[in-house]
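Please look through the sequence and the model shown below before reading on. The paragraphs that follow lead through the structure step by step.

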Amino acid sequence: MAVRGAAASRRRLRRRVALIAGGIGLVLGAILALLGGGGAGDAVVTGVLVGAIAAVIGWGVVALLPTSSHGPPGQH
């Protein structure tokens, strides 16, 4: 059974954003390294570094944003 609740939802969102941002950063870093004249090793290292930075930034942004969950209807 899946864990429910606002905290679990925020954890899943943080993880999802970090994975997506990390993947995009990995690809963009590798492309930029190759366009800059680097070899395959440079592309891997640059892609991993840019991907890690993007993942941390994505995770941090989601962690700092206020929640949009206001509870069930009638609780305002």
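## A guided reading of the model

The protein exposes about 5600 Å² of surface, and carbon and sulfur atoms supply 71% of that area. The model is a predicted one. Of its 76 residues, 20% count as buried.

The secondary structure can be described briefly: the protein has two helices and zero strands. Helix 1 covers residues 6-35, and helix 2 covers residues 40-64. Among the contacts with a separation of 6 or more, 59% are accounted for by residues 24 or more positions apart.

Particular pairs of residues illustrate how positions separated along the chain are placed in space. Leu-19 belongs to helix 1. Its C-alpha atom is 9.6 Å from that of Val-56, although the two residues are 37 apart in sequence. Is Leu-19 buried or exposed? Leu-19 counts as exposed because its relative accessible area is 62%, and the term applies to values over 50%.

Ala-21 is also part of helix 1. Between the C-alpha atoms of Ala-21 and Val-50 there are 9.7 Å, while 29 residues separate the two in sequence. Which residues does Ala-21 touch, once its neighbours within four places in sequence are left aside? Ala-21 is then in contact with Gly-51, Ala-54 and Ala-55.

Gly-51 appears again in the next pair. Gly-23, in helix 1, has its C-alpha atom 6.1 Å from that of Gly-51, and the two glycines are 28 residues apart along the chain. Gly-23 has a relative accessibility of 31% and therefore counts as partly exposed, since this class lies between the limits of 20% and 50%.

Further along helix 1 is Ile-31. The C-alpha atoms of Ile-31 and Ala-43 lie 7.0 Å apart, and the residues are twelve positions apart in sequence. With a relative accessible area of 42%, Ile-31 is partly exposed.

Ile-31 also leads to a feature of the surface. Together with Ile-20, Ile-24, Leu-26, Val-27, Leu-28, Leu-32, Leu-35, Val-44 and Val-48, Ile-31 makes a nonpolar surface patch of about 960 Å². A residue needs over 30% relative accessible area to join such a patch, and the 42% of Ile-31 therefore meets this condition. Which helix gives the most to the patch? Helix 1 does, with eight residues. Helix 2 takes part as well, for each of the two helices supplies at least two residues.

The last stop is a charged residue, Arg-10, which lies in helix 1. Arg-10 is buried, yet it has no salt bridge. Where is the nearest side chain of opposite charge? That side chain belongs to Asp-42, and it is 37 Å away. A salt bridge requires a nitrogen of the positive side chain to be within 4 Å of a carboxyl oxygen. What does the side chain of Arg-10 reach at 2.6 Å? It reaches the backbone oxygen of Val-62, a residue within the span of helix 2, 40-64.

Three features may be kept in mind when returning to the model. The protein contains two helices and zero strands. Both helices contribute to the nonpolar patch. Arg-10, although buried, has no salt bridge, and its side chain reaches the backbone oxygen of Val-62.

Notes
Residues are numbered from 1 along each chain as its sequence is written. This is a predicted model: local features need pLDDT of at least 70, side-chain atom pairs count only at pLDDT 80 or more; totals for chains, interfaces and linings use all residues. Side-chain values use heavy atoms; hydrogens and water are left out. Helices (H or I, at least four residues) and strands (E, at least two) are DSSP runs, numbered from the N terminus. Buried means under 20% relative accessible area, exposed over 50%, partly exposed in between (1.4 Å probe, protein chains only). Contact means heavy atoms within 4.5 Å. Accessible areas come from the Shrake-Rupley method with a 1.4 Å probe; for residues, only the protein chains shown count as cover. Lys and Arg count as positive and Asp and Glu as negative; His and the chain ends are not counted. A polar contact is a pair of N or O atoms within 3.5 Å; within protein, one must be able to donate a hydrogen and the other to accept it, and residues adjacent in sequence count only if both atoms are side-chain atoms. Patches are made of residues with over 30% relative accessible area and no salt bridge: like charges are joined within 9 Å, nonpolar side chains (Val, Leu, Ile, Met, Phe, Trp, Tyr) within 5 Å.
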